[in-house]
Amino acid sequence: MSEKTRKFPLPLSSITDKAQKKQPVFSSVATPQTATQNAARTAASNPWRPPATVASPSRSHAYAMERAQPLPSPAPRQHALVSDAVRHAMVQRVARQGVKDQAVLDALARVPRHAFMDEGLAPQAYIDASLPIGHHQTISQPYIVARMIEVMRNGAPLQRVLEIGTGCGYQAAVLACIAQEVYSIERIKPLHELAKANLRPMRVANLRLHYGDGMLGLPQAAPFDGIILAAAGLEVPQALLDQLSIGGRLVAPVGGRTQHLELVTRVGKAEWVSQTLEDCHFVPLRPGTV
């Protein structure tokens, strides 16, 4: 497999470069209600065209496989603080913070972070901070997204990656620029639906979204050569370690009130080695679905 940056079927610039003002803000935090409202406004201003025919996959455990369906691009948000220049400035800042992997930096430059949050927060989209997306969850800060992917990738091409904690879908979109196949699990149903609404206009063909318990992983799609967690547990669930391929790398925040990033590499059938990285702060990793 040749190593190269993955491209979406449509360039992400198509979402941000065509100036057309959207309707007034309904809420300052993304919620399932705002996702529904956004989808309704998009449908009103952009006629549907038939989605690609997709065979219905079989269900396993509590997971429901979702394929991103093609839709017309929504009207982009028009604001000086969500311009291409501001997004590229964010990427340069992340690089100055120590992220060196050019493929990861290029992915950050291509994915419009403001498209994954409510318009009321869009002007803050490119600051280096986590921001609320509803349900006591956040979109991770750009640096930590880039850092975790860089550590997981380790300069090598990624074939199949699993993300635990889809949230609003931003990190999944970045991962889809890096890996051949991306699977992402979300345990909070309204956030799962929000991520689908956010990602649908981008037509990301190599991304599959699942609703289910992320602590169980996705055994039907395993093994993975990369697993990334967007929530912190006191330890990494064994089910996820078992779903790593030999040589695969898992990056996760670990801890309670004090957390750090941990890199786990599978070096044998029943052998893993771990390495402690920098401090971090994430929402807690929880079992089950809601």
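Good morning. I begin with Phe224, which is buried, with a relative accessible area of 0%. Please bear in mind throughout that the structure before you is a predicted model.

Phe224 has an aromatic partner, Tyr183, and the arrangement is edge-to-face, at 6.0 Å centre to centre and 70° between the planes. Tyr183 belongs to strand β5, residues 179–186, while Phe224 belongs to strand β7, residues 224–229; the contact therefore ties together parts that are 41 residues apart in sequence. Tyr183 is likewise counted as buried, because its relative accessible area of 11% falls under the 20% cut-off.

How many aromatic pairs does a search of the whole structure find? The search returns two. Beside the pair of Tyr183 and Phe224, there is one formed by Phe116 and Tyr170, also edge-to-face, with 5.8 Å from centre to centre and 70° between the planes. This pair links distant parts of the chain, 54 residues apart: Phe116 is in the loop between α4 (102–110) and β2 (131–134), and Tyr170 is in helix α6, residues 170–178. Both Phe116 and Tyr170 are buried.

I turn now to charged groups over rings. Which residue places its charged end over the ring of Tyr170? That residue is Arg113, whose charged end lies 5.7 Å from the ring centre. Tyr170 thus appears in two of the contacts discussed here, as the partner of Phe116 and as the ring beneath the charged end of Arg113.

A further contact of this kind involves Lys189: its charged end sits over the ring of Tyr211, 4.7 Å from the centre of that ring.

That concludes my presentation. Thank you for your attention.

Key:
Residues numbered from 1 in each chain as written. Predicted model: local features only at pLDDT ≥ 70, side-chain atom pairs only at ≥ 80, totals over all residues. Heavy atoms only, no water. Phe/Tyr/Trp six-rings, centres within 6.5 Å; stacked < 30°, edge-to-face > 60°. Helix = DSSP H or I, 4+ residues; strand = E, 2+ residues; numbered from the N terminus. Buried < 20%, exposed > 50% of the residue type's maximum accessible area, 1.4 Å probe, protein only. Lys NZ or Arg CZ within 6 Å of the ring centre and 35° of its normal.
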